[in-house]
Amino acid sequence: PNVMTSGVNLYNIYYGDFSNPVNAISTPDLVDYFASHIGGSSWYNILTAYYKVKDDDNSVSHVTNFAKFMNRAFVTPTSNNFIQNDVQKIIVQQIGLNNWNIDSEKAIFTLIFRGDLVTPGWLSEWCGYHSSFNLDGIGTIKYSVVGDPSFSKSGMAARCTVPPERIPTPNGNTGGDSVISIYAHEMAEVITNYNNDAWYFEDSTVDAKSNENGDVCSGNYGSNIDNVNSNIKLGIRSFLIQSMYLPGVGCVMTNSSASNFIAIPTVTATRAPSPVNPTAFPSIVGDIEYKNSLVLKGTVNLYNIYVGDIDPSTKSLVDYFAANVGSSTWFDIMGSYYDLIQHRPVFAANTTTFRGSKTFNSTARGVRITVNDVMGIIKNAVSTTDGWQPDSNGIYTVIFRGDFSFDTSTDINNPNLWLYNWCSYRHSFLLVPNNQRPGGANSGNYKIKFSVIGDPSTTTLPIDGALCEPLGGALTANSNLGGDSIAAYYAYTIASTITNPYFITWYFPNPNPIPNPNPNLQNEDASSACGMTFGNYSGNANVQVGGKRFLLPQIWLPGYGCSISANPNRQKKPSMAPSKTASPTKTASPTRIPSVLIRSPGSVQVKAVPTKSPTNSPFTSPLAINELSNPTLAPTKTSSSAPTTRSPTTRYSSTTTFLPTAKSKSTIESVRPTVKTSQIPSTLSTPTSTLKPSLAYDVIYHEGYVMKGTINFYNIYIGVIDKSTQSLVNYFSDNIGGSAWYNVFTSYYENRNGLKIYMTNSATLNGTVSLLADTSSMTLSDIDVRNMLSNLLKTNKLPIDYSGVYNILFNGNFAFQTNKGDWPQNWCSYHSTFDLNNPTTTGTYPSIKYAVIGDPSTASQGASCLARDSTKNNQPISYNNNPAADSMIASYTREFSSLITNEYGGWFFSISGRLLGVGDVCAWNFGTYSNSYNIALGTKKFLIPQIWMPGVGCVMSKKSQ
């Protein structure tokens, strides 16, 4: 019998546009929240009564009360009709495009579609169904299909909507709440009978078409649990779902009679031995090194967030510490660190300002909490009107009650538990306020750095709390065990955050200076290099902070070693040795468990943050439209790239007359959306230079999205552009994918659910349109471009493609103004994004991505945007004897390079205060070439700029490095 007994991994695929301004929360966000919280619930526990008997030994294996939401994808329908075979193709396509690492024993895919799409039997025969198929190399793919009836115009839509007496629905989204009721029904049937040979009714009185455990309870919702027409509470949200059949009992909403068969491994905490000499520390082997990126500079703002029932005296002491630590001699150590982003040393923070504290769920005790909950709390804290705002130079410290259950692992068999595995950790996530574009001019301003620390004085068992108390709780400088312990880890985490905020700034090369008790931490930083050691001190404290004394951990002082001051006694300086020749000194592990630092991409491998919150979590979900809610951690493994073979696609080609309203220059909008403008060639690198930029800087991953899978190019020509020019640009667009140059993009990735998902070497031209217009009487602006493109997409002249880049190539005689100035005096090309439903809005996700490139050969002042030959006194160059095409292709590559690597908060540079894309730093840098070309594509040759390869610089190919 086919029963899923090992827990399930949930993948949601949304087919169609679910945007609806009347909904309080969108259907995708609502369904994803439900999927993230249903596992572990009392309703899901009903399924633990189901089991399978193993053929080999007749042993019984029960369903476990464990479900984890893994990922979601959005698919744009290619027509208004689809059938079951289309569903299977969509699932297979999304597995490949997203490089999902599928465990076929656990995976369940649910395709949720707009109810106005046409598919056989929808509404008349079914509201949802489930099935399975075999996928070579992976196994049996289990899936279900559910429609959103709120989009249907049919009078039968009510058949798949929650009963009218239960409206308004609990989440203010009738369609989304109805989808969830069917979603739960189908999920339960997949788990207990995915191959129709396990659990079902044989009673002839039961309809043969409705004979599974969900079917017999269809439409049975039981009683409300509150006043919002709901019957189950998951986290902070309520839902209305159908009851489930409990064998031997009937339709119920909870399983109070059966055991919960979830298997939780036993975790044994081993107390470290008492230190013989707690002040001793080994000699230095090498020294901490500056690697890359930023430190926090100036005044760092500290924000304290308390979660749960924490003693007021503890909060008062921690707030006092936060308000005064910036003026201590201990904090002076931060001034020994710097960054070189501005090509000169700029030193780290010299002081702090305490911005206050907030308390959430002040009466909570003994509940579960997750990293997602923490991010939701921080988001709520900074979105209020009482003075807190997203702060890129701030550190948000979340302090929770010690009897909370906190597991940061996604693997049920390998928990990463508070107290037993970590005492504190830190990380960051990208928070994007409304109307801001991640990856645009303001994206760096909202990288939220946060730390999480537990109160060890409030653990269930005192012996457990001692695991995260300095020196086992033997010393309390202020007679407040909780406050003193929290202050020590507070110091530990802020030092680490200031000197190494993105985990790629200051750290030790391997081998490490001391043996590391946690094998996941490969590169020690300023705090973890010293662990929880305290140096020489008398009494119960070692550092004066304001009018109080605290016992604080030592921090690594560059060139010296572990210290509690920036000016230690130099007579005690340990020996220094070059890290390349010395071997690490073997010493005993520190007597305390070092704080676990959850590392960012490009750093070290650690456990990934779970996306599932337990059902009794009272905290806010971080799922929000304007936030990158998954803070993706360093992966435990990487996935292979998707095949580069192209799938059959429909090509679009048409000629249309484009007649926007004519404008004079005096009527250009006074306020325009921000666009990323490519400066004229001389701004960053000139055609005379073939040297790659200094690797004093490198491109940085900002935890957002890149464009994965095959990139579809759409070329849109505005005005009279010669057919030979169009043909050459189209040829380039259709052949650059699969080249050695394009292969450089396979070095770029995004992190999702702990996995690096790499870009693929695949791109194709998927459509062209020619728009005719009179260039002599027209002035264009960016909003004209957006409106024009929006009209093409909404009238089906081109497909709506979130995996596409729309390239607008215009006749150079147009008067074209942006907020960066006039074409071509101030710019040669630019790229941006917009919301299809509101073209004036920039920075949404998913968004329409486009680039704008002018034809310099037809512009009276276009010489500055022509490609030039560095070997021939910077004379204009065109291998194909077509300056228009060859110059536009040079700008074309620059813009799409930056777009596809930075779809939404992905990869970009921060150099001297300027945010630059991957294509910007190598613009007009053609490398070494001869005969006026540097790349051959099929039967044609081109001269195109190099592309930045992370850690290498400007290159023409990946394979040559």
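How many of the 20 residues of α3 are buried? In this predicted model, 19 of them are, so the helix is largely enclosed by the rest of the structure. Helix α3 covers residues 174–193, and a rise of 1.5 Å a residue leads to an expected span of 28 Å; the end C-alpha atoms lie 29 Å apart, which agrees. The N-terminal end of α3 is capped by Asn-173, which places a side-chain oxygen 3.3 Å from the backbone nitrogen of Gly-175.

The structure also contains six disulfides. Counting bonded cysteines along the chain, their pattern is 1-2, 3-4, 5-6, 7-8, 9-10, 11-12.

One of the disulfides connects Cys-127 and Cys-160, with an S to S distance of 2.1 Å. This pair links distant parts of the chain, 33 residues apart: Cys-127 sits in the loop between β5 and β6, and Cys-160 in the loop between β7 and α3. The torsion of -85° about the S-S bond makes the link left-handed. Cys-127 counts as buried because its relative accessibility is 19%, under the 20% cut-off; Cys-160 is buried at 5%.

On the other side of α3 in sequence, the loop between α3 and β8 holds Cys-217, whose partner Cys-251 is in strand β11, so the bond ties together parts 34 residues apart. Their S to S distance is 2.0 Å, and a torsion of about -95° makes this disulfide left-handed. Cys-217 is buried at 1%, whereas Cys-251, at 32%, counts as partly exposed.

A further disulfide is formed by Cys-828 and Cys-865, with sulfur atoms 2.1 Å apart. Cys-828 is buried at 2% relative accessibility, and Cys-865 is buried at 2%.

How values were computed. Residues numbered from 1 in each chain as written. Predicted model: local features only at pLDDT ≥ 70, side-chain atom pairs only at ≥ 80, totals over all residues. Heavy atoms only, no water. Helix = DSSP H or I, 4+ residues; strand = E, 2+ residues; numbered from the N terminus. Expected span 1.5 Å × (residues − 1). Buried < 20%, exposed > 50% of the residue type's maximum accessible area, 1.4 Å probe, protein only. Polar contact = N/O pair within 3.5 Å; in protein donor to acceptor, adjacent residues only side chain to side chain. Disulfide = S-S within 2.5 Å.
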